[in-house]
Amino acid sequence: MGLLEQLLTLPLAPVRGVGWVVDRVVEAAEREYYDPEPVERELAELESALLAGRIDQETFDEREDLLLDRLEEIAAYRRGDPAS
């Protein structure tokens, strides 16, 4: 019955194809969004900027808090914790 089902639903193939592509795009976007490496790299660059005197301590603290919150969000996602 699998062949008959495929023949009857053949007109829906483009829709299934688009759905598959959307699923792959979402998976790729989530992998990129929840990758901690860019956030860690930005933290290192932020510290370098502070040590080089390009930013002040207040700016460093504000941006560091945002980046650490982002890392916490990534860790929660990887653990499977619900979004807070």
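## Burial and the overall fold

Let's start with burial: a residue is buried under 20% relative accessible area, exposed over 50%, and partly exposed in between. This is a predicted model, and of the 84 residues in the protein chain, 15% fall in the buried class.

The secondary structure adds up to 4 helices and 0 strands, and reading along the sequence gives α-α-α-α. Don't picture a ball, though: a compact globule of 84 residues would come in near 12 Å for the radius of gyration, while this protein chain has 22 Å. Along the principal axes, the C-alpha atoms fill a box of roughly 70 × 25 × 15 Å. As for surface, about 6900 Å² is accessible, with 59% of that belonging to carbon and sulfur atoms.

What about contacts along the chain? Taking those between residues at least 6 apart in sequence, 59% join residues at least 24 apart.

## The tyrosine cluster

Now for the rings. Two ring centres within 6.5 Å make a pair, with planes under 30 degrees apart called stacked and over 60 called edge-to-face. On that basis the count is 2 aromatic pairs. One of them is Tyr33 with Tyr34, an edge-to-face pair at 4.9 Å centre to centre and 85 degrees between the planes. Tyr34 also pairs with Tyr77, this time stacked, at 3.6 Å centre to centre with 5 degrees between the planes. Tyr34 sits in the loop between helix H2 (13-33) and helix H3 (36-51), and Tyr77 sits in helix H4 (residues 57-79), so their pairing ties together parts that are 43 residues apart in sequence.

Put together, Tyr33, Tyr34 and Tyr77 make up one aromatic cluster. How buried or exposed are the members? Tyr34 has a relative accessible area of 17%, so it counts as buried. Tyr33, at 42%, is partly exposed, and Tyr77, at 37%, is partly exposed too.

## Arg70 against the rings

Which residue lies over the face of Tyr33? That would be Arg70, 3.7 Å from the ring centre. Arg70 belongs to helix H4, and with a relative accessible area of 16% it is buried, because the cut-off is under 20%.

Arg70 has several neighbours worth a look. Leaving out residues up to four places away in sequence, Arg70 touches Tyr33, Tyr34 and Val39. Two of those names, Tyr33 and Tyr34, turn up in the aromatic cluster as well. The side chain of Arg70 also makes a polar contact of 3.1 Å with the side chain of Glu73.

## Out at Leu3

Leu3 is part of helix H1 (residues 2-8). Its relative accessibility is 61%, so Leu3 counts as exposed. For a sense of span, how far apart in space are Leu3 and Asp65? Their C-alpha atoms are 57 Å apart, with the two positions 62 residues apart in sequence terms. That goes with the box of roughly 70 × 25 × 15 Å filled by the C-alpha atoms.

Definitions and conventions:
Residues numbered from 1 in each chain as written. Predicted model: local features only at pLDDT ≥ 70, side-chain atom pairs only at ≥ 80, totals over all residues. Heavy atoms only, no water. Phe/Tyr/Trp six-rings, centres within 6.5 Å; stacked < 30°, edge-to-face > 60°. Buried < 20%, exposed > 50% of the residue type's maximum accessible area, 1.4 Å probe, protein only. Helix = DSSP H or I, 4+ residues; strand = E, 2+ residues; numbered from the N terminus. Lys NZ or Arg CZ within 6 Å of the ring centre and 35° of its normal. Rg over C-alpha atoms; globule rule 2.2 N^0.38 Å. Contact = heavy atoms within 4.5 Å. Areas by Shrake-Rupley, 256 points an atom, 1.4 Å probe, with all protein chains shown as cover. Polar contact = N/O pair within 3.5 Å; in protein donor to acceptor, adjacent residues only side chain to side chain.
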